[in-house]
Amino acid sequence: MDRAIAPEVKRRKYLLRAAMVVVALGVTAFALAAGIDWLRPSVSRRSLQTAKVTRGSVHAAVRANGIMVPVIEQVVSSPIEARVLRIERRAGEAVRVGDELLTLDTSVTRLEAARLDDKVVQKENSTSELRLRLDESIATLEAQIEQKRLDVEILQYASDQRTRLRSEGLIAEQEALGAKAAARKSAIELRQLEEALRRTLDLRKVQLQSSQSELVMARRERDESRRQLDLSLLRAERSGVLTSIVGETGVTVRRGDIVARIADLSAYRVEATVSDIHAARLSAGLRTIVILDDLRLDGEIQSVDPRIVNGVARFYVTLDQPAHARIRNNMRAEISVLTERRDNVLTVKRGALGRSDYGFVIRGSHAERVPINFGVTGDETIEIVTGAAEGDELVMARRERDESRRQLDLSLLRAER
């Protein structure tokens, strides 16, 4: 027989059902709230990097790499083709002016110098002989001219005398004409001798000049040979450090081969390289910043090599402090070439959003996405042309890099304070 359900049991069932409904509604409400919050992404303000928009100057820069090299370096080359007899110094040693570096075998050069000495003597003798021979010819012609002038005077006097006698009828006309013809012939012979003397003088000048030129050339060859012989005992022409030298005795070096280098390590400059796409922006006189670890040195482009080798342009930088104590030979450096300057413009610290076409500006508890036009880019700052005002705070990046990129690509970002 069925029994009636007690009122207490019914009440408990009603309460249990009501509790289940309340829990279900609570879970549904929580899920809806969590879903809405998930649809409205947020990040912690502490995880953001921000920067304020300020007014100042921006320098556009080209980045390059380089090494420190001495400002002055003496290159010692071999003046002759010879064999190395002795090496007096080693790389890394300090040398002074006049110190012997190495000695070359000069036997062949000495023989050549002796031959050139003989050649000079022969040229001097041949020049003297030519001068004597020409002077003798000139003297002979001058004597003949003097003699012929006397003959012309005598014959002219005889012709005049016979002309007077003929006018007085004392001699025949043929005799007077013969005397006149003899005088004219003698005058012609005199002129011929005078022309011969002028030609001989001109010939003497030309031949002596030619002989003198050959003698000068022979003397120059002899002097050059002696100079090379003197230089074969290679010595330092300035004080410094021997950075390289021929390593072995007995090797043969050709004329012009570099056998040693002496560097003055008291002052340095920078030999820099950069991609050829930036070569057109480089020119002498541009200011630079040279970075050696944590050291920053100011400088200026001294010259730009016009050649492009394997897509690389080369230029040289002089330093305002070339003798800085922390500079070492062949030390690597980073160079920023300041190619453009903008003063009194809106600037912001460079970050992950630099050069994009938009940015996020913090407005209260939100970061609003706004279009931003960027201008000149410097090493640390970038110019803002439009899109932000002085004093605005721009989101640069999140500390969690991957999450930052995902979140900042959303259309709306809420920053919790």
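How many bridges does β12 share with strand β13, and in which sense do the two strands pair? I would like to start there, and I should say at once that what we are looking at is a predicted model. The answer is that β12 and β13, the latter covering residues 312–319, pair in the antiparallel sense over seven bridges. Within that pairing, Ser 303 has Tyr 316 of β13 as its bridge partner. The two strands form a hairpin with two residues between them, and there Asn 310 takes a positive phi near 55°.

If we now step to the other neighbour of β12, we find strand β11, residues 287–292, which runs antiparallel to β12, residues 295–309, and is joined to it by six bridges. Here Val 290 stands opposite Leu 297 of β12. This pair of strands is again a hairpin, with two residues between β11 and β12, and Asp 293 in the turn has a positive phi of about 55°.

Let me set these strands in the context of the chain, which has four helices and 20 strands. Of its 417 residues, 32% count as buried, and the accessible surface comes to about 26400 Å², with 51% of that belonging to carbon and sulfur atoms. As for the contacts, if we take those between residues at least 6 apart in sequence, 76% of them join residues that are at least 24 apart.

The hairpin strands come back when we turn to the interior. The largest nonpolar core has 22 residues, and those with the most contacts inside it are Met 68, Val 270, Val 290, Leu 292, Phe 315, Leu 319 and Val 337. Two or more residues each are given to this core by β3 (54–77), β10 (258–275), β11, β12, β13 and β14 (332–349). Apart from this core lies another one, of 18 residues, which includes Leu 101, Leu 102, Leu 234 and Leu 242.

Phe 315 deserves a closer look on the screen. Leaving out residues up to four places away in sequence, Phe 315 touches, among others, Ala 64, Val 270, Leu 282, Ile 301 and Val 337. The contacts of Phe 315 also include Glu 271, Ser 303 and Asp 305, and Ser 303 is the residue that we met a moment ago as the bridge partner of Tyr 316.

Next, please move to a separate topic, the open sheet of four strands, whose order is β7-β6-β4-β9 and whose pairing is antiparallel. Its edge strands are β7 (233–235) and β9 (252–253), each of which pairs on one side only. Between them, β4, residues 82–87, is joined to β6, residues 100–104, by three bridges, with Val 84 partnered by Leu 104 and Arg 86 standing opposite Thr 103. On its other side, β4 pairs with β9 in the antiparallel sense over two bridges, and there the bridge partner of Arg 83 is Thr 252.

I will finish with a residue in a helix, Ser 211, which is found in α3, residues 173–231. Is Ser 211 buried or exposed? Its relative accessibility is 8%, and because the cut-off for a buried residue is under 20%, Ser 211 counts as buried. If we set aside neighbours within four places in sequence, Ser 211 is in contact with Thr 127 and Leu 130.

Conventions: Residues are numbered from 1 along each chain as its sequence is written. This is a predicted model: local features need pLDDT of at least 70, side-chain atom pairs count only at pLDDT 80 or more; totals for chains, interfaces and linings use all residues. Side-chain values use heavy atoms; hydrogens and water are left out. Buried means under 20% relative accessible area, exposed over 50%, partly exposed in between (1.4 Å probe, protein chains only). Contact means heavy atoms within 4.5 Å. Accessible areas come from the Shrake-Rupley method with a 1.4 Å probe; for residues, only the protein chains shown count as cover. Two strands pair if DSSP finds at least two bridges between them. A nonpolar core is a set of buried Ala, Val, Leu, Ile, Met, Phe, Trp, Tyr and Cys residues joined through side-chain atoms within 4.5 Å.
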